[in-house]
Amino acid sequence: MHPAFSVVFFTTATGAGYGLLALLGVLGGLGFIPADFWLGLIGMGLALGLITAGLLSSTGHLGRPERAWRAFSQWRSSWLSREGVASVATFIPAGLFGLGWVFFGRTGGWVAIAGLLATIGAVVTVCTTGMIYTSLKPIAQWHSRYTLPGYLIFSAMTGSVLLNSLLQAFAIGSNPVVAAALLLTLLGWGWKLATWRYNDRLEIATTANTATGLAGGTVRSLEWPHTEENYLLKEMGFRIARKHAAKLRGITQALAFVLPALLLAVVFALPWPLTAVLSVLAALAQFAGMLVERWLFFAEAKHTVTLYYGR
């Protein structure tokens with residue numbers, strides 16, 4: 001039993017991709033990033049590539065991937081459907097922005113408008129992703145005030161670190177971008193620590209008695225409701241040992257926050273091309289760390305349905 005890697009990769013890749021897309025759209029549209037062919041091609045290719053890879057990965061989590069298109073019809077009531085609609089809609093202004101930047105060498109005028117619309121679409125899509133989990137009341141670890149802001153913070157954090165590595169690779173990095181990436185990494189670290197503290201102190205009042213509405217004794221499950229494991233047990237009833245959780249939390253902090261922060265801090269004092277090398281290493285380490293963080297996000301969540309299994 002374990003969280004599905006397809007969803008872990010989806011949330012990590014799309015978070016970083018949308019974060020980078022949002023920053024490219026607003027900074028490129030406002031003229032802070034030059035309209036260079038290779039910069040635009042690699043930057044937009046990286047952002048859209050991460051988004052596309054993440055979205056394709058998410059379809060592997062479906063029982064019938066060929067029916068994924070049907071989810072778009074439930075946008076009035078489903079955050080998952082709204083996420084799908086928002087993600088597809090964002091490709092339109094993002095494509096126009098990339099077209100104008102890469103092939104026409106422009107970041108102003110209609111290209112700037114497309115970039116700003118792509119930024120708005122990226123932010124909206126990340127919000128809908130966060131709301132998928134925030135809206136799930138049966139999972140107390142997700143149904144909290146920390147989940148949605150966490151998605152936005154981590155997206156901005158990974159996007160800014162990717163943007164810095166991209167600009168440094170083209171020898172056009174700037175201290176404000178490095179500083180923003182460093183501050184967002186520290187903010188993400190603080191938010192993750194606060195989230196863990198909240199979840200560790202979480203007291204869930206629901207018991208087998210309250211779930212079944214029975215009183216006058218302690219409700220026990222004599223046998224499972226079915227003979228085989230199901231989706232909820234595999235991905236929302238996962239049991240991880242306390243010592244393993246502590247170890248993985250340490251790995252998350254080291255790779256996603258501490259190491260990138262240290263590398264970004266050193267960038268201020270070094271010349272190019274060392275700044276480019278360290279910036280790329282910071283981005284790679286952070287992406288690996290966020291994969292571990294997202295795995296923990298799913299592994300440490302507990303669905304109240306597990307009460308029916310005596311847990």
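**Exercise 1. Decide whether Ile-172 counts as buried, partly exposed or exposed, and find what it touches.**

Solution. Ile-172 has a relative accessibility of 35% and therefore counts as partly exposed, where buried means under 20% relative accessible area, exposed over 50% and partly exposed in between, with a 1.4 Å probe and protein chains only. Next, place the residue: Ile-172 is found in the loop between H5 and H6, the helices (H or I, at least four residues) being DSSP runs numbered from the N terminus. Then list the contacts, meaning heavy atoms within 4.5 Å: leaving out residues up to four places away in sequence, Ile-172 touches Pro-34, Leu-39 and Leu-167. Finally, take Pro-34 from that list, which lies 138 residues from Ile-172 in sequence but 9.2 Å from it in space, C-alpha to C-alpha.

Before going on, note that this is a predicted model, in which local features need pLDDT of at least 70 and side-chain atom pairs count only at pLDDT 80 or more, while totals for chains, interfaces and linings use all residues. Residues are numbered from 1 along each chain as its sequence is written, and side-chain values use heavy atoms, with hydrogens and water left out.

**Exercise 2. Describe the backbone of Ala-171 and the peptide bond between Trp-272 and Pro-273.**

Solution. Begin with the general expectation: most residues other than glycine have a negative phi, and most peptide bonds are trans. Ala-171, in the loop between H5 and H6, has a positive phi near 60° although it is not glycine. With 46% relative accessibility, Ala-171 counts as partly exposed. Now turn to the second case, where Trp-272 and Pro-273 are joined by a cis peptide bond with omega of about 15°; Pro-273 is found in the loop between H9 and H10.

**Exercise 3. Classify the aromatic pair of Tyr-133 and Phe-297, and place it in its surroundings.**

Solution. A pair of aromatic rings is described by the distance of the centres and the angle of the planes. Rings of Phe, Tyr and Trp (its six-membered ring) pair if their centres lie within 6.5 Å, and planes under 30 degrees apart count as stacked, over 60 as edge-to-face and the rest as tilted. The structure holds 15 such pairs. For Tyr-133 and Phe-297 the centres are 5.7 Å apart and the planes make 85°, an edge-to-face pair. It links distant parts of the chain, since Tyr-133 in helix H4 (residues 110-134) and Phe-297 in helix H10 (residues 274-299) are 164 residues apart. Both rings belong to buried residues, Tyr-133 at 8% relative accessible area and Phe-297 at 12%. Ring pairs also join Tyr-133 and Phe-297 with Trp-142, Tyr-151 and Phe-298 in a cluster. As a last step, look for a charge over a ring (NZ of Lys or CZ of Arg within 6 Å of the ring centre and within 35 degrees of the ring normal): Arg-294 lies over the face of Tyr-151 at 4.8 Å from the ring centre, and over that of Phe-297 at 4.3 Å.

**Exercise 4. Which residues of the largest nonpolar core touch the most other members?**

Solution. A nonpolar core is a set of buried Ala, Val, Leu, Ile, Met, Phe, Trp, Tyr and Cys residues joined through side-chain atoms within 4.5 Å. The largest one has 48 residues, of which Leu-21, Leu-24 and Tyr-133 touch the most other members. Its largest share, 9 residues, comes from H1.

Terms used. Helix = DSSP H or I, 4+ residues; strand = E, 2+ residues; numbered from the N terminus.
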